[in-house]
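Please describe this structure for a first-year student. Cover how the chains meet, how the strands pair and where the DNA lies.

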Number of protein chains: 2
Amino acid sequence: MALAEVFRALGDPVRLEMVQRLVKEESCTISAVSEGLGITRQGARKHLQVLVSARIVQLEPKGRDVYVLLAPERLDEARAFIAELEAKWDSRLDALKKFVEKG
Amino acid sequence: MALAEVFRALGDPVRLEMVQRLVKEESCTISAVSEGLGITRQGARKHLQVLVSARIVQLEPKGRDVYVLLAPERLDEARAFIAELEAKWDSRLDALKKFVEKG
DNA sequence: CTATAATGCAATCAAAAGGTTGCTTATGCA
DNA sequence: TGCATAAGCAACCTTTTGATTGCATTATAG
């Protein structure tokens, strides 16, 4: 399942923080999303690459800088997947409830 | 962020499959959720433990069996987190749109 | 034109993850 | 009582992950 890769990418505090930054701030360079995370630039860069591989973000070089762009499609797929699980779960509970009511 | 642990737990095809099984089927034993995953029982058990640690599932021993119960709260937190990201993202796009319209 | 800032690339390293095998324990059923 | 089934525990192994350091490259600001 390709979704597992998306969840995995979100499964780290550093990467989660990066995604949150990208949601808040318009136009982040790699430097910007990597600052103040308590790890080195290269460490952060590896995390960023995980997000790129999961296609949660895209990189766009512009001169000396590389801009990091959020690609929200994958996030939406992940959200929808969980929502579907919840829907199935709820309908099962409903069925159970009706079964109990019937006696 | 505790949510990272939830995402991480979902970030594996085997565990994702387990969760899907638990949504579909009522009352699964450890054996049931571990069958047919292409790995050994002990391997599956380790995956299950990851889900337990992330509090996505609970274990309930009953006699010789141990039942695996889905605890949907964490899944809902994860879904809500993404939904919130999307909301922020959308409102930023709206703001940008208005800015552009104003000239 | 040169210094500096943004980035890339590679080697290295410890720790965690994913998986296995082997053995033990305990429960339920015939 | 005896045997099959469900599960636990521990050791072990390989690969991946998270992070580092060091050095090279490239582009912009003065």
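The two copies meet through the same surface, because 100% of the interface residues of chain A are also interface residues in chain B. Contact here means heavy atoms within 4.5 Å. Chain A gives 31 residues to the contact, and chain B gives 31 residues. Between chain A and chain B, about 2900 Å² is buried, and carbon and sulfur atoms give 71% of that area. A:Val23, A:Trp89 and A:Arg92 supply 20% of the area that chain A buries against chain B, more than any other three residues. Buried area is the accessible area (1.4 Å probe) that two parts lose on being put together, summed over both.

This is a predicted model, in which local features need pLDDT of at least 70, side-chain atom pairs count only at pLDDT 80 or more, and totals for chains, interfaces and linings use all residues. Residues are numbered from 1 along each chain as its sequence is written, chains are lettered from A and ligands numbered from 1 in the order in which they are written, and side-chain values use heavy atoms, with hydrogens and water left out.

How do the copies relate? A turn of 180° and a shift of 0.0 Å along the axis lay chain A on chain B with an RMSD of 0.1 Å. That is the relation of a two-fold axis. The superposition is by least squares on the C-alpha atoms of residues with pLDDT of at least 70 in both copies.

Now the strands of chain A. Helices (H or I, at least four residues) and strands (E, at least two) are DSSP runs, numbered from the N terminus. Two strands pair if DSSP finds at least two bridges between them. Strand S2 (residues 57-62) of chain A pairs with S3(A) in the antiparallel sense over six bridges. There, A:Gln58 has A:Leu69 as its bridge partner. The hairpin of S2(A) and S3(A) has two residues between the strands, and A:Gly63 takes a positive phi near 65° in it. Strand S1 (residues 28-29) of chain A also pairs with strand S3 (residues 65-70) of chain A, antiparallel, over two bridges. A:Thr29 stands opposite A:Tyr67.

Next comes the DNA. A residue is near a strand if one of its heavy atoms lies within 4 Å of it. DNA strand C is surrounded by 21 residues, and the closest are A:Ser31, A:Arg41, A:Arg45, B:Lys46 and B:His47. Helix H3 (30-34), helix H4 (41-53) and S3 of chain A, with helix H4 (41-53) of chain B, each supply at least two residues of this surface. DNA strand D also has 21 residues around it, the closest being A:Lys46, A:His47, B:Ser31, B:Arg41 and B:Arg45.

By class, the surface near DNA strand C has three nonpolar, eight polar and 10 charged residues. Ala, Val, Leu, Ile, Met, Phe, Trp, Tyr, Cys and Pro count as nonpolar, Asp, Glu, Lys and Arg as charged, and the others, Gly among them, as polar.

Which atoms of DNA strand C lie within 4 Å of the protein? Sugar or phosphate accounts for 58% of them, and bases for the rest.

The table lists some polar contacts, which are pairs of N or O atoms within 3.5 Å; within protein, one must be able to donate a hydrogen and the other to accept it, and residues adjacent in sequence count only if both atoms are side-chain atoms.

| Protein atom | DNA atom | Distance |
|---|---|---|
| A:Arg45, side-chain N or O | strand C, phosphate oxygen | 2.5 Å |
| A:Val66, polar backbone atom | strand C, phosphate oxygen | 2.8 Å |
| A:Lys46, polar side-chain atom | strand D, base nitrogen | 2.2 Å |
| B:Arg64, polar side-chain atom | strand D, base oxygen | 3.1 Å |
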